[in-house]
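Colleague: Got a minute to walk me through this one? I'd like to start with the open spaces and go from there.

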Amino acid sequence: MTHPPTAPLTEVDRWRELARRSHALIAEHQQPGGAYPAAPTFSAYRGYAWLRDGAFTAEGMSRYGDLGSAGSFHDWVSGVLAGRRDQVDSLVARVGAGQEVAQSELLPTRFTFDGADGSDPWWDFQTDGYGTWLWSVVTHADRHGLDLERWRAGIEVAVDYACLTWSWPCYDWWEEHVEHRHLSTLGALHAGLAAVADAGVLDDARTAAARAAAASVRDLALREGVSGGRPGHLVKWIGSDAVDGSLAACVVPFGLVPVGSPVADATLDAVRADLAVGGGVHRFRADVFYGGGQWLLLTCLLGWNEAVAGDRASALARLRWVADHATPAAGELPEQVPDHLLHPEHHAEWVDRWGTVATPLLWSHGMYLILADELGLLPDTESR
């Protein structure tokens, strides 16, 4: 029996199908305990979960309506952090007594799936993940009317740790430049502390501490983290004039500077002018990692900002660019693509060291879900 030919998928259909695939892939690779592996097959990431990557991935799953997946991730983080209660109490007491602590004594950047530090060496002092998780769990609970008491133990540890360390130099999103204070890190800490201070889950003392720390973070960022131009833009780190693709997060979703404000507009304009080429977004001009390609998650981040600012055409162009870089057969989104390498002479050395680029990267898929949702392009609930 001959069947009529199936009508070709429209572009919107393909975008929605990639959203279904993104959700399915994240759910497939989520660990039984709730952790989202950064990249399940990539040599340097395999076996580890980051709070930053996972928090954004959970936001995508929350927007998709998968409360079980997002909630399980937040359960995992809360449990891991609650298990560090004594470690953080000791750090707070020692710093309060004027004692120095070694970087090796601080909480890690990434965790094994069972919540341990892991034995592989890494660039291991980053605070943005703790702020990003606080923002993510509060946002998820608020969206779905959930009680934050479920995650209170972990929230308290994250707040205490963020209040202790927010002003300390640390590695940035990209595991680089531990000697600097990075604006995207400050943005994440501001967002998490401000969100949890208003959420009603903390005791009075922690609420006051979180609110005061959030205000101090923002004051430092605006006082020392804006370039001298007119209007000035947020900078990669305090003392620099450079920009970084992660700075877009300081506008949306972190709200360090308000959407449409002169500093916000100047920051997004600087990211576009310096780092956006042919639809995709680089990390920063000096990036040599795999030759300095364009990152799908940063492209979604800039598109998210453009969508919130009302520039739907630009946001759609970002979504289209990301969707066009999914692998044809499996619909997997990589970490970065080599369409426009900033430093192609460095590409081979990273392939030799770690293999081909991380594919799939769950953070890329999570950010795709966020941008698709922001544009109203997730599949209907009935068709999921």
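Modeller: Sure. The largest pocket holds about 330 Å³ of space. Keep in mind that this is a predicted model.

Colleague: Okay, which residues lie nearest the centre of that largest pocket?

Modeller: Tyr45, Trp174, Glu175, Arg283 and Phe289, out of 20 lining residues. As for helices, H2 (51–64) and H12 (347–354) each put at least two residues into that lining.

Colleague: And how does the lining of the largest pocket divide into nonpolar, polar and charged?

Modeller: There are 14 nonpolar residues and six charged ones, with no polar residues in the lining of the largest pocket.

Colleague: Back to Tyr45 for a sec. What is tyrosine 45 in contact with, leaving aside neighbours within four places in sequence?

Modeller: Quite a list: Ala38, Ala39, Trp50, Arg110, Trp122, Phe289, Glu335, Ala358 and Leu361. Phe289 is another of the residues nearest the centre of the largest pocket. Tyr45 also shows up in the largest nonpolar core, which has 125 residues; Tyr45, Ile155 and Tyr368 have the most contacts inside it.

Colleague: Nice. What's the volume of the second largest pocket?

Modeller: About 250 Å³. It's lined by 14 residues, and Arg14, Trp15, Leu18, Ala323 and Ala326 are the closest to its centre.

Colleague: Where does the largest share of that second lining come from?

Modeller: From H1, with six residues. Helix H1 spans 11–29, and helix H11 (312–323) also supplies at least two residues. By type, the lining of the second largest pocket has six nonpolar, two polar and six charged residues.

Colleague: Switching topic: what's the strand order in the open sheet of four strands?

Modeller: S3-S4-S5-S6, with antiparallel pairing. S3 (276–277) and S6 (336–337) are at the edges with a single partner strand each, so each has one side without a neighbour in the sheet.

Colleague: How many bridges join S5 to S6?

Modeller: Two, with S5 covering residues 294–295 and the two strands running antiparallel. In one of the pairings, tryptophan 295 has glutamine 336 in S6 as its bridge partner.

Colleague: Last thing, cavities. How many are there of 30 Å³ or more?

Modeller: Three. The largest cavity has a volume of about 40 Å³.

Colleague: Which residues line the largest cavity?

Modeller: Trp50, Arg52, Pro108, Thr109, Gln126, Asp128, Gly129 and Tyr130. Helix H5 (residues 128–144) gives the largest share, three residues. The lining of the largest cavity is mixed: three nonpolar, three polar and two charged. And Trp50 is one of the contacts of tyrosine 45.

Methods:
Residues are numbered from 1 along each chain as its sequence is written. This is a predicted model: local features need pLDDT of at least 70, side-chain atom pairs count only at pLDDT 80 or more; totals for chains, interfaces and linings use all residues. Side-chain values use heavy atoms; hydrogens and water are left out. A nonpolar core is a set of buried Ala, Val, Leu, Ile, Met, Phe, Trp, Tyr and Cys residues joined through side-chain atoms within 4.5 Å. Buried means under 20% relative accessible area, exposed over 50%, partly exposed in between (1.4 Å probe, protein chains only). Contact means heavy atoms within 4.5 Å. On a 1 Å grid over the protein atoms alone, a cavity is a set of points where a 1.4 Å probe fits but cannot get out, and a pocket is an open set with protein on both sides within 12 Å along at least five of seven lines; lining residues have an atom within 4 Å of a point. Grid points are joined across faces, edges and corners, and a volume is the space filled by probe spheres set on the points. Ala, Val, Leu, Ile, Met, Phe, Trp, Tyr, Cys and Pro count as nonpolar, Asp, Glu, Lys and Arg as charged, and the others, Gly among them, as polar. Two strands pair if DSSP finds at least two bridges between them.
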